Amino acid sequence: MEVNDKVGEVEVAYKPKIKERRKLTDSAACYDFLIEKCYNPDTIEYREEFKVLFLNNNLQLLGWSTISSGGLTETTVDIRMLMQYSLLMNAKLIVCSHNHPSGSLKPSNDDERLTERIKKASEVLNIKLLDHIIVTPESYYSFNDEGKL
């Protein structure tokens, strides 16, 4: 019996597109960036989405991604994918975010449980969950600012 021992090679490359990076120093700066660049104003009050900002150790933005898009009241977050993206972005810090189409800024029990699960998963990989921000077009709720991280 012949064994085929040829396997695909994995190559990792990182090619930043910009030299100067935007610095996100607090929840207000993160919210401004999220509203300005990440959330579509036409769907922010229609569909719940979960997005992540990836930062280096100097709070400089490496990139962002939509992790999931759901319905009116929820979206499913695969934490393994979130961590995979974090590792591929070479992120040291992450800021998670999701919108509440209802306009409520109050975190649900599910929001609190998810935040805790993300925090535990990121700690294993030596990545810090800097914040989880719930956004609406008018305002935001920061888990970090409220002492819930």
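Analyst: A contact requires heavy atoms within 4.5 Å. With that criterion in hand, the model discussed here, which is predicted, may be read element by element.

User: How many helices and strands does the protein chain have, and in what order do the elements run from the N terminus?

Analyst: The chain contains three helices and five strands. Read from the N terminus, the succession is α-β-β-α-β-α-β-β.

User: In what order do the five strands form the sheet, and which are the edge strands?

Analyst: The spatial order of strands has to be read separately from their numbering. Here the sheet is open, with the order β2-β1-β3-β4-β5 and mixed pairing. An edge strand pairs on one side only, as do β2 (61-69) and β5 (140-142). From one strand to the next, the twist averages 20°.

User: How many bridges join β3 to β4, and which residue of β4 stands opposite V95?

Analyst: Strands β3 (residues 93-99) and β4 (residues 128-135) run parallel and are joined by seven bridges. The residue facing V95 is D131 in β4.

User: Which strands does each of the helices α2 and α3 touch?

Analyst: Helix packing is described by the strands touched and by the angle between directions. Helix α2 (residues 79-88) packs on the sheet against β1 (49-55), β2 and β3, and its direction makes about 25° with that of β1. Helix α3 (residues 109-124) also packs on the sheet, touching β1, β3 and β4; the angle between its direction and that of β4 is about 160°.

User: At what angle do α2 and α3 pack, and which residues meet there?

Analyst: The angle is about 45°, and the axes lie 10 Å apart. An angle between 35 and 65 degrees counts as oblique, so α2 is oblique to α3. The crossing of α2 past α3 is right-handed. On the α2 side, I79, L82 and M83 take part; they meet L114, R117, I118, A121 and S122 of α3.

User: Is S122 buried or exposed, and which residues does S122 touch beyond four places away in sequence?

Analyst: The test for burial is a relative accessible area under 20%. S122, in helix α3, counts as buried because its relative accessibility is 1%. Beyond four places in sequence, S122 touches M83, I94, I127 and L129.

User: What share of the whole chain counts as buried, and how much area does the chain expose?

Analyst: Of its 149 residues, 40% count as buried. The chain exposes about 9400 Å², of which carbon and sulfur atoms supply 48%. Among contacts between residues at least 6 apart in sequence, 66% join residues at least 24 apart.

Technical notes:
Residues numbered from 1 in each chain as written. Predicted model: local features only at pLDDT ≥ 70, side-chain atom pairs only at ≥ 80, totals over all residues. Heavy atoms only, no water. Pairing = 2+ DSSP bridges. Helix = DSSP H or I, 4+ residues; strand = E, 2+ residues; numbered from the N terminus. Axes fitted to C-alpha atoms, helices over the stretch in contact; angles between N-to-C directions. Buried < 20%, exposed > 50% of the residue type's maximum accessible area, 1.4 Å probe, protein only. Areas by Shrake-Rupley, 256 points an atom, 1.4 Å probe, with all protein chains shown as cover. Parallel < 35°, antiparallel > 145°, perpendicular 65-115°, else oblique. Left-handed = near helix turned anticlockwise from the far one by under 90°.
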